[in-house]
Amino acid sequence: MGYGEAALVVPEGTPMGGYVDREGPSTGVLDPLQVSAVSWSAGGRRFALVTADVICVNEDLARRVRREAGGEVWLAASHTHAGPETGCVPGGAPTPGPWLDAIAAACRSAVRAAAEAERPCEGTAHRGELHGVGADRSRPDAEAVVPLDVIAVRDGGPVGVLVVLPVHPTVLPAANRMVSADLVGAVRRRLRERLGDGVWVMVATGAAGDISTRHTRRGQDQAELDRMGDVVAARCVELLSERGTPAWPSSGGAGLAWAGRRLTLERAAVAADVDALKADAARAAGDPVAARLARSRLEGLRARTGGTGPIGVEVSVARLGDLALVGLPGEPFVAVADDIAGASRERATVVLGYVNGYPGYLPTADAYRRAEYEVLASQVAPGSAELLAGTARELLAELRP
């Protein structure tokens with residue numbers, strides 16, 4: 001197994017992605033963006049997981065990275081809302097030419113560095129609850145707890161850590177025009193400080209479609225990023241101190257396999273009443289939280305692109321020894337990941353979102369009964385998330401020895 005990374009340089013004046021009401025392009029860099037890669041190889045075959053500090057990954061970019069890097073490559077977005085605009089349109093869109101080139105080049109560099117650094121290592125999987133960082137962003141009274149997955153890589157001593165965090169990295173506000181990896185970057189920094197020199201840290205975003213820091217953050221600045229990053233890092237260290245589930249042996253290649261399947265998702269019909277949502281926003285004017293939620297529901301409806309025709313997506317799975325990875329496109333709700341992991345017969349199953357394409361939000365079927373932002377902004381029909389989950393379960397079963 002090996003690890004590599006590459007810088008993703010964002011010039012001042014770059015259009016930023018994530019918030020439609022941002023008032024201008026970037027004015028500087030709060031913390032640098034990067035592309036990270038981990039790779040496993042056996043018998044001349046290589047699998048690489050790559051994460052990029054961008055708002056989303058479109059299918060054209062994922063295809064190019066896979067073609068140029070060689071082997072099986074998954075490209076996942078961290079979903080930072082303080083990075084460059086990379087063509088993040090629900091339902092998918094072309095990646096702007098300069099970023100198609102720049103991100104692909106950084107991915108090639110990171111994968112090459114990971115492959116060159118490969119050595120026999122053993123892995124263990126650690127899972128636990130994370131409190132006080134992420135919660136259902138449409139429900140102010142929801143419990144602030146999410147699952148946290150930490151994969152430890154060792155060669156006698158610690159070598160590296162892969163963290164999968166199912167929380168929107170949106171601590172910084174729309175008014176921010178400084179480039180930043182946001183919560184993902186803060187977790188990387190704080191965990192590296194705790195683990196010490198020589199231990200790499202890679203942070204991927206899990207199934208975070210309905211989970212954010214909206215009701216848990218105490219501010220929206222660098223100090224709050226540091227505080228939240230430290231909360232996550234401290235919990236990671238706690239989990240690493242506990243006995244983990246063996247993920248793969250030191251030989252590294254036992255059971256290395258992967259599979260993917262193309263699916264077609266039907267588009268959602270626009271059934272919400274715009275006038276009713278405007279009335280909700282007006283009634284909520286005296287309650288800041290209610291007003292924000294009502295406004296987001298209205299913005300969600302307006303975010304519908306009005307596209308026609310089905311949306312093509314890919315579901316990806318990989319088995320690395322006794323560790324199963326699932327890569328879902330777009331923004332699946334956390335319950336979708338729970339459904340996949342709960343039904344898996346592997347020793348450890350970890351689900352990532354924002355992988356190899358961007359169909360937009362993927363709410364659970366029951367969520368469509370509520371006029372929440374994610375449902376109103378979703379491009380896909382009810383049942384789409386369950387179709388993806390069922391496909392992931394089928395693919396995992398097919399890979400089982």
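**Figure 1. Overall content of the predicted model.** Nine helices and 19 strands constitute the secondary structure of the protein. The coordinates come from a predicted model. Of the 401 residues in the protein, 57% are buried. Among contacts in the protein with a separation of 6 or more, 79% are between residues 24 or more positions apart. The structure contains 23 salt bridges, several of which are shown in the views that follow.

**Figure 2. Salt bridge between Glu5 and Arg192.** The side chains of Glu5 and Arg192 form a salt bridge with an N to O distance of 3.1 Å. This pair links distant parts of the chain, 187 residues apart: Glu5 belongs to strand S1 (residues 2-8) and Arg192 to helix H3 (residues 182-195). Glu5 has a relative accessible area of 39% and is therefore partly exposed. Arg192, at 27% relative accessibility, is likewise classed as partly exposed.

**Figure 3. Salt bridge between Arg66 and Glu314.** A salt bridge joins the side chains of Arg66 and Glu314, with 3.7 Å from N to O. The two residues are 248 residues apart and link distant parts of the chain, with Arg66 in helix H1 (residues 59-69) and Glu314 in strand S15 (residues 311-320). Arg66 is partly exposed, at a relative accessible area of 24%. Glu314 has a relative accessibility of 18% and counts as buried, because the limit for a buried residue is under 20% relative accessible area.

**Figure 4. Contacts of Glu314 in strand S15.** Glu314 is placed in strand S15. When its neighbours within four places in sequence are left aside, Glu314 is in contact with Glu59, Arg66, Gly260, Arg261, Arg262, Gly327 and Pro329. One of these residues, Arg66, is the salt-bridge partner of Glu314.

**Figure 5. Salt bridge between Arg127 and Asp149, and a salt-bridge network.** The side chains of Arg127 and Asp149 meet in a salt bridge at 2.8 Å, N to O. Arg127 in strand S6 (residues 122-131) and Asp149 in strand S8 (residues 145-155) are 22 residues apart, and the pair links distant parts of the chain. With a relative accessibility of 44%, Arg127 is partly exposed, whereas Asp149 is buried at a relative accessible area of 8%. Elsewhere, Arg64, Glu68, Asp101 and Arg108 are joined into one network by salt bridges that share partners.

**Figure 6. Packing of helices H3 and H4.** Two packed helices are described by the angle between their axes and by the distance between those axes. Helix H3 packs against helix H4 (residues 222-240) at an angle of about 55°, and the axes are 7 Å apart. This angle makes H3 oblique to H4, because it falls outside the ranges for roughly parallel (under 35 degrees), roughly perpendicular (65 to 115) and roughly antiparallel (over 145). The crossing of H3 past H4 is right-handed.

**Figure 7. Residues at the contact of H3 with H4.** On the side of H3, the contact comprises Asp182, Leu183, Ala186, Val187, Arg189, Arg190, Leu191, Arg194 and Leu195. The residues that they meet in H4 are Gln222, Leu225, Asp226, Met228, Gly229, Asp230, Val232, Ala233, Ala234, Cys236, Val237 and Leu240. By class, the residues of the contact of H3 with H4 are 13 nonpolar, two polar and six charged.

Note on methods:
Residues are numbered from 1 along each chain as its sequence is written. This is a predicted model: local features need pLDDT of at least 70, side-chain atom pairs count only at pLDDT 80 or more; totals for chains, interfaces and linings use all residues. Side-chain values use heavy atoms; hydrogens and water are left out. A salt bridge is a side-chain nitrogen of Lys or Arg within 4 Å of a carboxyl oxygen of Asp or Glu. Helices (H or I, at least four residues) and strands (E, at least two) are DSSP runs, numbered from the N terminus. Buried means under 20% relative accessible area, exposed over 50%, partly exposed in between (1.4 Å probe, protein chains only). Axes are lines fitted to C-alpha atoms, for helices over the stretch in contact, and angles run from 0 to 180 degrees between N-to-C directions. A crossing is left-handed if the near helix is turned anticlockwise from the far one by less than a right angle, and right-handed if clockwise. Contact means heavy atoms within 4.5 Å. Ala, Val, Leu, Ile, Met, Phe, Trp, Tyr, Cys and Pro count as nonpolar, Asp, Glu, Lys and Arg as charged, and the others, Gly among them, as polar.
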